[in-house]
Amino acid sequence: MTDRPSAQHPESRRTLFGVAVGTLAGAAVLTASRHASAEISAEGAGGVRRVADRAMDRFDHGWRTGEWDPFLGMLTPRFSFWFPEGQWRGRHEGEAGRQAIAAWAKFHADNGNRVQGRRRNVTTMGDRVLYEYDSRGASPSTAGYLNWETIIVRVTGERISALHEYWGNIPPTGE
């Protein structure tokens, strides 16, 4: 007698493969679950949200005061910046993305552009957090600004590696 299934004993083959396949599938699910759990404990949905909120609190502060350095300090060196309009319209990736958002922030600081945004909703999706804002101009240079925005940030460790902004009004206008 041999331990190997034979063509003469198809039931043995099914049992052997059924157990092997079932065991392998179960092991794959357990491994994936453990990996996901480890990822969640290392970053955690709460950790992702905490980092994103800290970055967006600094983003809001930049808009209110023109002081963008605290926000820029939370960005990774290689950054993904998407913007819907103007000089920075489009998708800017990597080092060019980091440079584009720094130039964008400097432009708004230098021109006295101030905006007050109210967060309407926040949704965490893995390593990304989506913010929905209603915003109004808060300075003479932005007096006519009225908009709603969706901003998605991606969290990498204790920093953000992306800011993708989408607008409801293009261009934003007064009432």
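Begin by selecting helix α2, residues 45–65, in this predicted model: at 1.5 Å a residue its 21 residues should span 30 Å, and because the C-alpha atoms at its two ends lie 30 Å apart, the expected and computed lengths agree.

With α2 still selected, colour the residues that are buried, namely G47, V48, V51, A52, D53, A55, M56, F59, D60, G62 and W63. To see what these buried residues pack against, add α3 (69–72) and α4 (94–110), and then the strands β3 (115–125), β4 (128–137), β5 (146–156) and β6 (159–167). Before leaving this helix, step to G66, which comes just after α2 and takes a positive phi of about 85 degrees.

Next, select α4, whose 17 residues should span 24 Å at 1.5 Å a residue; the C-alpha atoms at its ends are 25 Å apart, which agrees with that expectation. Within α4, highlight G94, G97, A100, I101, W104, A105 and H108, which are its buried residues. Now turn the view so that you look down the axis of α4: the buried residues fall within an arc of 130 degrees, so they line one face of the helix. On the other side of α4, pick out E95, Q99, K106 and D110, which are exposed.

To find what covers the buried residues of α4, show α2, α3 and β6 together with β1 (75–83) and β2 (90–92), all of which are included in that cover. The tour ends at G112, which follows α4 and has a positive phi, near 70 degrees.

Notes. Residues are numbered from 1 along each chain as its sequence is written. This is a predicted model: local features need pLDDT of at least 70, side-chain atom pairs count only at pLDDT 80 or more; totals for chains, interfaces and linings use all residues. Side-chain values use heavy atoms; hydrogens and water are left out. Helices (H or I, at least four residues) and strands (E, at least two) are DSSP runs, numbered from the N terminus. The expected span of a helix is 1.5 Å times one less than its number of residues. Buried means under 20% relative accessible area, exposed over 50%, partly exposed in between (1.4 Å probe, protein chains only). Contact means heavy atoms within 4.5 Å. The arc is that of the directions from the helix axis to the C-beta atoms.
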